[in-house]
Amino acid sequence: MDDIIYIKNLSFDYPDKNKVLNHINLTIKAGEDVAFIGRNGAGKSTLLLNIIGILDGVGEIEIFGIKMKRGNLSEIRRRIGFVFQNPDDQLFMPTIFDDVSFGPLNFGFSKDEIEKKVKNVLKIVGLEGYDFRKPHHLSLGEKKRAAIATILVLEPEVIIFDEPTLALDPGGRKNIIRFIKSIKSTKIIATHDLEMVLELCNRVILMDDGKIVADGNTKEILADGKLMNDTGMDVPSSLSV
Ligand SMILES: Nc1ncnc2c1ncn2[C@@H]1O[C@H](COP(=O)(O)OP(=O)(O)O)[C@@H](O)[C@H]1O
Ligand SMILES: [Mg+2]
């Protein structure tokens with residue numbers, strides 16, 4: 001079975017906000033690069049946080065055929081990485097080296113292996129020589145790349161990105177898109193950046209009010225003016241005539 005993600009009847013309530021996810025059913029297969037789109041508050045981030053077990057809803061989730069439950073979290077998170085919307089949620093150590101080596105250290109790699117891995121991954125994200133810089137001194141674009149490095153270093157089969165281009169300037173945005181494109185892992189991206197979706201994802205899942213309202217080919221969904229309008233979205237300019 002090549003299902004990466006299998007979700008059956010998933011619902012989620014926050015203590016002060018109910019039905020944020022409302023009976024979600026979903027399967028993602030290996031090799032599909034998938035975008036989750038939908039207006040603010042549609043439930044995209046909440047769904048992704050359930051997929052890596054940070055939030056715990058009602059329903060069934062399997063990742064690579066492994067049941068989502070506390071005892072399996074470590075294996076699941078080794079195989080599926082999560083890049084938070086806000087890099088400050090990912091970077092919490094005194095230096096970039098400490099942050100990027102944190103995961104490999106936890107998974108028992110030797111000191112030599114870790115040094116090699118960190119150097120290599122910092123080069124890949126364009127932060128060569130940043131080992132001993134302090135995360136809070138970096139620009140947003142650099143922080144986002146450092147946050148991706150903390151995930152990439154574990155070589156996960158799947159990487160989930162929550163709003164990777166949000167708040168970046170045009171140059172930083174282009175950089176991140178080019179860079180995400182070059183990553184070999186399967187990509188799952190929650191975003192409002194529909195031009196990026198066109199470039200990176202072959203499948204789009206459109207959410208509204210805790211439900212999946214459309215799921216299919218990227219161009220077909222993004223070019224559907226009525227569907228996009230009804231869900232508070234705009235057809236991206238490169239597709240509108
Ligand atoms: N920690 C939280 N506590 C209570 N409500 C939340 C929390 N996080 C998100 N919500 C609410 O859940 C809904 C879905 O939010 P979210 O999953 O962040 O949507 P999206 O990522 O699509 O913008 C929104 O109404 C939001 O206000
Ligand atoms: Mg969100």
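Modeller: Let's begin with residue classes: Ala, Val, Leu, Ile, Met, Phe, Trp, Tyr, Cys and Pro count as nonpolar, Asp, Glu, Lys and Arg as charged, and the others, Gly among them, as polar. Keep in mind that this is a predicted model.

Biologist: Thanks! How many residues of each class does the shell around ligand 1 have?

Modeller: The shell has three nonpolar, five polar and four charged residues. Its members include Tyr-14, Val-20 and Ala-42, and also Asp-16, Lys-17, Arg-39 and Lys-44. Asn-40, Gly-41, Gly-43, Ser-45 and Thr-46 surround the ligand too.

Biologist: Which helices or strands supply at least two residues of that shell?

Modeller: They are β2, spanning 17–29, and α1, spanning 44–51. The largest share, three residues, belongs to α1.

Biologist: How should I look for polar contacts with the ligand?

Modeller: Search for a pair of N or O atoms within 3.5 Å. In this model, Thr-46 offers a side-chain N or O atom 2.5 Å from an oxygen atom of ligand 1. The backbone takes part as well: an N or O atom of Gly-43 is 3.0 Å from a ligand oxygen, and one of Ala-42 is 3.2 Å from a ligand oxygen.

Biologist: What percentage of the accessible area of ligand 1 does the protein cover?

Modeller: On its own, ligand 1 has 560 Å² of accessible area, and the protein covers 64% of that.

Biologist: Let's turn to helix packing. At what angle do α3 and α4 pack?

Modeller: Angles between helix axes run from 0 to 180 degrees between N-to-C directions. Here α3 (residues 96–106) and α4 (residues 111–124) meet at about 125°, and their axes are 10 Å apart. That angle makes α3 oblique to α4.

Biologist: Is their crossing left-handed or right-handed?

Modeller: The α3 and α4 crossing is right-handed.

Biologist: I'd like to check the backbone too. Which residue in strand β2 should I look at for a positive phi?

Modeller: Go to His-23, which sits in strand β2. Its phi is near 55°, a positive value in a residue other than glycine.

Biologist: And where does Glu-163 lie?

Modeller: You will find Glu-163 in the loop between β7 (158–162) and α6 (170–182). Glu-163 is not a glycine, yet its phi is positive, at about 50°.

Conventions: Residues numbered from 1 in each chain as written. Chains lettered and ligands numbered in written order. Predicted model: local features only at pLDDT ≥ 70, side-chain atom pairs only at ≥ 80, totals over all residues. Heavy atoms only, no water. Near = heavy atom within 4 Å. Polar contact = N/O pair within 3.5 Å; in protein donor to acceptor, adjacent residues only side chain to side chain. Areas by Shrake-Rupley, 256 points an atom, 1.4 Å probe, with all protein chains shown as cover. Helix = DSSP H or I, 4+ residues; strand = E, 2+ residues; numbered from the N terminus. Parallel < 35°, antiparallel > 145°, perpendicular 65-115°, else oblique. Left-handed = near helix turned anticlockwise from the far one by under 90°.
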